[in-house]
Amino acid sequence: MKTVRILFFGDIVGAPGRAVFQKHVKALKEKHKIDAIIVNGENSSKGRGITPRIVKFFRHNYVDVVTTGNHIWRYREITEYLQMHDDLLRPENYPAQCPGSGVTTFNCNGVTIGVVNVQGRTFMRDHLSDPFKTMDTVLSFLRTKTKVIFVDFHAEATSEKIGLGFYLDGRVSAVVGTHTHVQTTDERILPQGTAFMTDAGMAGALHSMLGMKKEPIIENFLTQMPVKFVVEDQGPMILCGVWVEIDVETGKSLHIERIKIVDHDIRVDGSEE
Ligand SMILES: [Fe+2]
Ligand SMILES: [Fe+2]
């Protein structure tokens with residue numbers, strides 16, 4: 001039986017997230033015999049957004065596709081990149097006139113791997129199309145190309161994420177959530193063979209709030225006044241993700257395994273991008 005192993009990292013936050021990712025990605029790839037790597041990069045530049053330079057950084061560090069979410073539009077330069085390249089996704093259910101796409105395929109040792117990025121609507125500000133119906137539309141053409149399909153569902157509510165997991169069970173290989181930056185421990189294979197996990201978690205400072213310094217955010221809770229969010233660059237750092245093994249013939253997952261590394265030796269030099 002031929003299988004592929006896909007490693008996925010949740011929201012990578014700023015320079016600390018990039019540093020802990022870069023330090024461990026090669027060893028994880030070798031240890032788990034990983035064939036393809038996907039990361040969510042929506043927070044990878046200064047905690048919000050992503051630049052073309054950082055997409056290239058990921059690509060130089062074994063990443064095949066970068067997914068994103070609600071922070072994708074932070075830097076104007078990314079719109080041109082989205083138009084010109086298919087290794088960076090924005091959620092598919094944004095209005096059709098937005099640049100870029102939420103769907104791509106790539107070749108991995110002769111196997112076509114499909115990647116889809118969609119965003120939730122519950123407790124989120126953006127007025128997007130229904131992610132469930134969006135997935136139906138996507139699968140109507142993507143399933144003619146491959147059965148090996150990985151979905152990053154960028155959403156806030158656990159119910160919406162679990163709901164989409166069951167809705168897609170047996171039609172995609174994996175549904176993994178992002179956006180909350182808090183790793184869940186509910187990874188499992190659903191009854192029809194789809195690997196599922198509510199949230200992959202983040203890469204960045206352990207003693208932070210979603211990768212950002214905690215003090216301004218607590219201040220905001222206390223005063224309700226606007227504050228500046230700043231990336232926490234003091235260690236220890238965490239790197240969270242998950243890997244899945246997929247049967248290439250059926251597209252069903254055989255195995256799902258959570259990754260969480262705590263690293264006490266990362267120093268970030270302050271040259272924040
Ligand atoms: Fe995020
Ligand atoms: Fe997000």
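**Exercise 1. Determine how many residues the largest nonpolar core has and which strand gives the largest share of this core.**

Solution. This is a predicted model, in which local features need pLDDT of at least 70, side-chain atom pairs count only at pLDDT 80 or more, and totals for chains, interfaces and linings use all residues. Residues are numbered from 1 along each chain as its sequence is written, and chains are lettered from A and ligands numbered from 1 in the order in which they are written.

Step 1. A nonpolar core is a set of buried Ala, Val, Leu, Ile, Met, Phe, Trp, Tyr and Cys residues joined through C-beta atoms within 7 Å; a residue is buried if 20 or more other C-beta atoms, placed from the backbone, lie within 10 Å of its own, exposed if 12 or fewer, and partly exposed in between.

Step 2. The largest such core has 71 residues, and those with the most contacts inside it are Ile6, Ile38, Val151, Val175, Ala203 and Val242. Its largest share, eight residues, comes from strand E11 (residues 237-247). Strands (E, at least two residues) and helices (H or I, at least four) are DSSP runs, numbered from the N terminus.

Step 3. Two residues are in contact if their C-beta atoms lie within 7 Å. Beyond its neighbours within four places in sequence, Ala203 is in contact with residues including Phe9, Val20 and Ile238.

**Exercise 2. Establish whether Lys26 is buried or exposed.**

Solution. Step 1. Lys26 belongs to helix H1 (residues 14-31).

Step 2. Lys26 has 11 other C-beta atoms within 10 Å, and is therefore exposed.

**Exercise 3. State what percentage of the 273 residues is buried.**

Solution. Buried residues account for 48% of the protein, which contains six helices and twelve strands.
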